[in-house]
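Reader: I would like a close look at one part of this structure. Please take a single strand and show how it sits among its neighbours.

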Amino acid sequence: MAADGHDVTVIDSLESAFDRLGQDFPGTMVVGSGVDQDVLERAGIDRADCFLSVTNGDNRNIMAAQIAREIFHVGKVMTRIYDPIRERVYRELGLYTYCPTLVGAGIARTYFDEGAGAADAARGAVTGAAPEPLGAPLPPVAVGAEGRGDG
Amino acid sequence: MAEARAPYILVIGGGKVGYYLTKHLLEAGYEVALVEKDRARAAALGSHLGRCAILVGDGDEMAFLASTGIERASVVAAVTGDDEDNLVACQLARRTFEVPRTLARVNNPRNVRLFHQLGVDVAVSATDVILGVIDSELAHQGDVRELPLDGTEASLVRITVPVGPLVGHRTDEVASLAQERILLVVRGGAPIEATSPLEAGDQVVVFSRRPAADLIHTDLVAAPVGG
């Protein structure tokens, strides 16, 4: 997203996590907890158009997304929830969520039943992007992302 | 014939707070279950708490929560050390299991307001409580509230007696209060004789023509005069 020209800020509780973004990352990096309103303000959440929470902790993602939506009224808020049941609860409550567990299971089922071509097509459908070959780079992350779950 | 059952309270988080909370709730006669996800910690809790049900599992995991009888709980108290876990536990309890009252321990004081906004009934910040105590203890002025009376220079002032120099003295022995009209002294929820020696926590209601700030910052802070 940053490479596409978007103004991206990444939050992580570990400074070392930013190493993976590389030297030429054009965005901003903020060290701190994504569920701390002070940190979010420091990251400029009041100016954000979009917010994505993708730490390794479901509850942290849920809480960060709710802060973004209810407190700072960010226009588009998305969050990752690994636990399918919790994901359904919060989707029904109005968060825009996705569950990698279900997405992965769906791709696996399609691949095993119908082969690689159908699975690639399914990946395009569930990710909303064109099918990518395996080994493609990880997608970029937006404000509120924490690369690790041990913050 | 059905016997009236004690209210069922589900405590999530078996740390120190969860342990003592559960212990006191049991002593008060409630039916309590304590949820702790660490098996070894749960075993240790079980040997201390006896008749209480210790449930080993994740307080945010829906299938596990459904097995705790959460839907018949009167109160869910989420008291782990992680604010996000407490928030989600309370939200799941309320929205999915329709628990009437949810309580969360909050570590970051800023989350108290947030949790209320996100549907938690009671959010308790130990940091806030301790800060408040330190403030009033250091200032030696207790908690003071003023109610101005319309059309007069006077006001009703309520002073909660702090731990400090006022304790043990009658109101007429305290320089600032001696000149004022004492309307009421309340202790333990009931009025007491205005001539009783004061105890910390007493609430003194005064009719005063002086600003409450004067009452607090001058005479009240000074050592009491002899009776």
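Author: In strand S6 of chain B, residues 122-125, the side chains alternate between two faces. Ala123(B) and Ser125(B) point to one face and are buried; Val122(B) and Val124(B) point to the other face and are not buried. This fits a general pattern: in a regular strand, side chains alternate between the two faces of the sheet. The model is a predicted one.

The partner of S6(B) is strand S5 of chain B, residues 101-106; the two run parallel and are joined by 4 bridges. Two facing positions can be named here. Arg105(B) stands opposite Val124(B), and Val106(B) stands opposite Ser125(B). Between the two strands comes helix H5 of chain B, residues 111-117, and S5(B), H5(B) and S6(B) together make a right-handed β-α-β unit.

The pair belongs to an open sheet of 6 strands in chain B, with parallel pairing and the order S3-S2-S1-S4-S5-S6. S6(B) is an edge strand, as is strand S3 (53-56) of chain B, and each of them pairs on one side only. On average, neighbouring strands of this sheet are turned by 20° against each other, direction ignored.

Helices also lie against the sheet. Helix H4 of chain B, residues 83-95, packs on it and touches S1, S4 and S5 of chain B; the direction of H4(B) makes about 175° with that of S5(B). Helix H1 of chain B, residues 16-27, lies across S1, S2, S4 and S5 of chain B, and runs at about 165° to S2(B).

For the wider setting, chain B has 8 helices and 11 strands, and 33% of its 227 residues count as buried.

Notes
Residues numbered from 1 in each chain as written. Chains lettered and ligands numbered in written order. Predicted model: local features only at pLDDT ≥ 70, side-chain atom pairs only at ≥ 80, totals over all residues. Buried ≥ 20, exposed ≤ 12 C-beta atoms within 10 Å, placed from the backbone. Pairing = 2+ DSSP bridges. Right-handed = clockwise from strand over helix to strand, strands pointing away. Axes fitted to C-alpha atoms, helices over the stretch in contact; angles between N-to-C directions. Contact = placed C-beta atoms within 7 Å.
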